[in-house]
Amino acid sequence: YQEIIDGLGRSLSLVTAPDPAHHRWLRSEALQLGHRNHPSIPTTYHYWTTQRDRGPGYLRRWVSGETVAAHFERLGPADVPYVLQVLRGACSTLAYLHDTAGIFHGALTADSIWVSATGRLWMLEWQWAIPRDERLAGLSPNLDGEPVPPEWRDSGWQPSMASDQWQLAALCFTILTGEAPPEDDVPPVKWLRPETPDSVAVAIDRALLADPDERFPSAAAML
């Protein structure tokens with residue numbers, strides 16, 4: 001039995017629902033996850049409405065590993081191979097979400113990416129626990145203390161393909177250099193970590209540009 005609290009403060013179980021009123025949210029998350037075919041997205045095994053004495057629920061993969069944030073707190077700035085692993089895995093997932101599902105992540109942080117002991121990468125998305133037709137206007141993820149794309153400073157949270165790129169690049173910049181990118185005049189990665197391969201540095205630097213139109217045309221292009 002594992003319990004999570006969704007964006008509206010509701011208690012949701014990932015395995016069984018002690019409160020029958022939760023079954024619609026469980027079913028929504030199960031169906032959304034069950035139709036994801038990307039290897040970096042945890043998927044549903046089975047959903048049921050009733051099973052013996054249990055209410056609605058579903059079985060789900062258990063993510064065994066640590067978040068990128070925990071890795072950073074434990075070991076400090078990451079080496080280039082680790083950053084490259086995160087960059088490739090997360091960027092591949094974004095390309096899948098953008099091009100196949102037509103949705104944005106919008107809350108890509110060091111806490112939303114898990115890496116297993118074998119190097120398997122998992123990406124979690126805050127919206128999956130909430131049925132799309134029930135999301136309240138103005139509902140957004142909690143990004144307190146996280147660097148935000150320049151275009152959000154005036155408008156607030158407005159996820160897009162370009163902002164997903166920026167958040168991923170900011171994450172890689174942070175775990176590579178040990179500090180979040182400054183609000184203005186972000187220095188080239190190679191100034192801080194000269195051993196970074198040119199292709200990786202160019203990808204991060206371009207995705208961190210202040211003008212969204214100057215970033216990559218897509219996550220696939222960034223990858």
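Helices (H or I, at least four residues) and strands (E, at least two) are DSSP runs, numbered from the N terminus. The model is predicted: local features need pLDDT of at least 70, side-chain atom pairs count only at pLDDT 80 or more, and totals for chains, interfaces and linings use all residues. Residues are numbered from 1 along each chain as its sequence is written, and side-chain values use heavy atoms, with hydrogens and water left out.

**Exercise 1. Overall composition**

Task: State how many helices and strands the protein has, and what percentage of its residues count as buried.

Solution. Step 1: the protein has 8 helices and 7 strands. Step 2: buried means under 20% relative accessible area, exposed over 50%, and partly exposed in between (1.4 Å probe, protein chains only). Of the 223 residues, 47% count as buried. Step 3: contact means heavy atoms within 4.5 Å. Among contacts with a separation of 6 or more, 59% join residues 24 or more positions apart.

**Exercise 2. The packing of H3 and H5**

Task: Describe how helix H3 (residues 80–101) and helix H5 (residues 161–177) pack.

Solution. Step 1: two packed helices are described by the angle between their axes and the distance between the axes. Axes are lines fitted to C-alpha atoms, for helices over the stretch in contact, and angles run from 0 to 180 degrees between N-to-C directions. Step 2: for H3 and H5 the angle is about 170° and the axes are 10 Å apart. Step 3: angles under 35 degrees count as roughly parallel, over 145 as roughly antiparallel, 65 to 115 as roughly perpendicular and the rest as oblique. H3 and H5 are therefore roughly antiparallel to each other. Step 4: residues of H3 in this contact include Val-83, Leu-87, Cys-91 and Leu-94, while those of H5 include Leu-168, Leu-171, Cys-172 and Ile-175. The contact divides into 14 nonpolar, 1 polar and 1 charged residues (Ala, Val, Leu, Ile, Met, Phe, Trp, Tyr, Cys and Pro count as nonpolar, Asp, Glu, Lys and Arg as charged, and the others, Gly among them, as polar).

**Exercise 3. Two cysteines without a bond**

Task: Explain why Cys-91 has no bond to Cys-172.

Solution. Step 1: a disulfide is a covalent bond between the sulfur atoms of two cysteines; the criterion here is a pair of cysteine sulfur atoms within 2.5 Å. Step 2: the closest cysteine sulfur to that of Cys-91 is in Cys-172, at 8.7 Å, which is too far for a bond. Step 3: a search of the whole structure finds 0 disulfides. Step 4: Cys-91 is buried at 1% relative accessibility, and Cys-172 is buried at 0%.

**Exercise 4. The two sides of H2**

Task: Determine which residues of helix H2 (residues 68–75) are buried and which are exposed on the other side.

Solution. Step 1: Val-68, Ala-69 and His-71 are buried. Seen down the axis of H2, the buried residues fall within an arc of 160°, so they line one face of the helix (the arc is that of the directions from the helix axis to the C-beta atoms). Step 2: Glu-73 and Arg-74 are exposed on the other side. Step 3: the buried residues pack against strand S5 (66–67), H3, strand S6 (113–115) and H5. Step 4: His-71 has 13% relative accessibility and, not counting residues up to four places away in sequence, touches Glu-66, Gly-76 and Tyr-82. Gly-76, just after H2, takes a positive phi of about 80°.

**Exercise 5. A loop residue**

Task: Locate Asp-185 and characterise its backbone.

Solution. Step 1: Asp-185 lies in the loop between H5 and helix H6 (189–192). Step 2: its phi is near 55°, a positive value in a residue other than glycine. Step 3: with a relative accessible area of 74%, Asp-185 is exposed.
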